[in-house]
Amino acid sequence: MTQLESSRLFIELPPNEAAVLKTLAHERKFAAGEVIFREGEVGDGMYVIAEGAVQISSKISFGDSCVLSLFHEGDHFGEMAVLDDDTRSATAIAQEPTRVYFIERMDLLHIIDKTPRLALAFVREISRRLREFNHHYIRDVLESERLALVGRFAGSIVHDLKTPLNIIGLSAELSCRSTATPEMRIQYKERINKQVDRISNMVNELLEFTRGSQTSFILARMSYADFVRQVITEFRPEIATKGVTIQLENDPPDILTKINPPRLTRVFHNLIVNATDAMPNGGTITLRFQLKGSELITEIRDTGKGIAPEMKDRLFQAFATYGKANGTGLGLSICKKIILDHQGRIFAQNAATGGAVFGFAIPIEPPTT
């Protein structure tokens, strides 16, 4: 059992001042589960725990309570409502059979006024509790943010994997039909293999993004025209089911350039999927190509509503998203990283005729002599 004068708040008081304090304190007993005071009540005094334990809690949304602290022998509580002359900001409940010393409000204010050491002790205790509260609050916020981040990543993965998984499922079903010819089965097998590779690339990109470090990045010299035509052929059936068509404003330049095909395909996929999402009632995606100076520029234009003003300055930031039911905004940040790995640049703007234009430029390999 803790004596009043040996509690943390009063332990530094001289014997004569401690003796005065003891004459002002009244003992009170509470059964386990008994409410000592409730949130919103008038602060009529302060408590020091002689033995037992007291839980301090406060109401949050929807009437639920959040436990703020658990006090034990030697701890004090209830002083804030006395010092700031306000109502109780929390509820105190005995966790077990508890005995306390109770000092009435006017008596406490009088002794604080007469005892500078006690006033300083209150300031130190309040500062210590604020530090502890801030520490716990920051820890809880970080934990909540961490869990939210995991949820957002999970949501992003599920959103991105739906399409290839649907294609795999449909292809597997069609290939198992009795009417499927050997040629059709080969075609479905190739389609499934492509989607498996696509899923693997998507997961690797997400893992690389979370690591925040660049993995091995290999460039291969190939015809950009052949690459683009292959990508468009792959994505046309996928977006056609959503009433969206792809057209070429001009032919892709038939030049040799160094690219990483799987990762640059990911850029096309993200930009085309975003354009498709921007046209829920169908529309047209137009690709335009330019050779300008030392750059090869690819632009992808849609006929949607355009880029929202709220998003213009943070399009390529991780988790930036606006008006989308699915996704987390990782797609464009991954695109930016891939293009930067190609030593290029990425950009976006609203088209004068309506819709949005997303584009990227990669360097043209100088001809060998």
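Colleague: Hi! Which residue in β8 does Lys-29 stand opposite?

Modeller: Lys-29 stands opposite Arg-99 in β8. Keep in mind that this is a predicted model.

Colleague: Got it. How do β1 and β8 pair, and over how many bridges?

Modeller: Strand β1, residues 25-30, pairs with β8 in the antiparallel sense, and there are 6 bridges between them.

Colleague: What about β3 and β8, how do they pair?

Modeller: That pairing is antiparallel too, over 6 bridges, and β3 covers residues 45-51. If you want a spot to look at, find Val-48, which stands opposite Tyr-101 in β8.

Colleague: And what holds strands together in a sheet, in general?

Modeller: Strands of a sheet pair through backbone hydrogen bonds, in either a parallel or an antiparallel way.

Colleague: Okay, so in what order do the strands of this open sheet come?

Modeller: The order is β1-β8-β3-β6, so 4 strands form an open sheet with antiparallel pairing. At the edges you find β1 and β6 (76-77), each of which pairs on one side only.

Colleague: How many bridges join β3 and β6?

Modeller: There are 2 bridges between β3 and β6, again in the antiparallel sense. In β6, Phe-77 is the bridge partner of Tyr-47.

Colleague: Back to β8 for a second. How many of its residues are buried?

Modeller: β8 spans residues 98-104, and 6 of its 7 residues are buried, which leaves the strand mostly covered.

Colleague: Let's switch to the cores. Which residues touch the most other members of the largest nonpolar core?

Modeller: Those are Tyr-224, Leu-264, Phe-268, Ile-285 and Phe-360, in a core of 38 residues. Several elements each supply at least two residues, including α7 (261-277), β12 (283-292) and β15 (356-363).

Colleague: Which element gives the most to this core?

Modeller: α6 does, with 7 residues.

Colleague: Why would residues like that gather on the inside?

Modeller: In soluble globular proteins, nonpolar side chains tend to be buried together.

Colleague: Say I click on Leu-264. What is it in contact with, leaving aside its neighbours within four places in sequence?

Modeller: You should find Leu-264 in contact with Tyr-224, Phe-227, Ile-259, Ile-338, Ile-339, His-342 and Phe-360. Apart from that core lies another core, of 20 residues, among them Leu-9, Phe-10, Leu-24 and Ile-111.

Colleague: Tell me about α6 itself. What span does it reach?

Modeller: α6 has 17 residues and reaches 24 Å from its first C-alpha to its last, close to the 24 Å expected at 1.5 Å a residue.

Colleague: Where does the kink in α6 lie?

Modeller: The kink lies at Glu-234 and is about 25°, shortly before the proline Pro-237.

Colleague: And which residues of α6 are buried?

Modeller: Among them are Tyr-224, Phe-227, Val-231, Phe-235 and Ile-239, and Glu-238 belongs to the buried set as well.

Colleague: New topic: cysteines. How many disulfides does the structure hold?

Modeller: It holds 0 disulfides.

Colleague: What about Cys-176 and Cys-335, buried or exposed?

Modeller: Cys-176 is exposed, with a relative accessible area of 67%. Cys-335 has 0% relative accessibility, so it counts as buried.

Colleague: What is the phi of Asp-85?

Modeller: Asp-85 has a positive phi of about 55°, although it is not a glycine. You'll find Asp-85 in the loop between α2 (79-83) and β7 (91-94). Its relative accessible area is 56%, so Asp-85 counts as exposed.

Colleague: And where is Gln-343 found?

Modeller: Gln-343 is in the loop between α8 and β14 (345-350). Its phi is near 65°, a positive value in a residue other than glycine. Gln-343 is exposed, with a relative accessible area of 65%.

Colleague: One more residue: which strand is Lys-59 found in?

Modeller: Lys-59 is in strand β4, residues 54-59. Lys-59 is exposed, at 59% relative accessible area. Leaving aside neighbours within four places in sequence, Lys-59 is in contact with Glu-39, Asp-64 and Ser-65. The C-alpha atoms of Lys-59 and Ala-90 are separated by 7.6 Å, and these two residues are 31 residues apart along the chain.

Colleague: Last one, for the whole protein chain: how many helices and strands are there?

Modeller: There are 8 helices and 15 strands. Of the 369 residues in the protein chain, 41% are buried.

Terms used
Residues numbered from 1 in each chain as written. Predicted model: local features only at pLDDT ≥ 70, side-chain atom pairs only at ≥ 80, totals over all residues. Heavy atoms only, no water. Core = buried A, V, L, I, M, F, W, Y, C linked by side-chain atoms within 4.5 Å. Buried < 20%, exposed > 50% of the residue type's maximum accessible area, 1.4 Å probe, protein only. Contact = heavy atoms within 4.5 Å. Expected span 1.5 Å × (residues − 1). Bend = angle between axes of the 7 residues up to and from the residue. Disulfide = S-S within 2.5 Å. Pairing = 2+ DSSP bridges.
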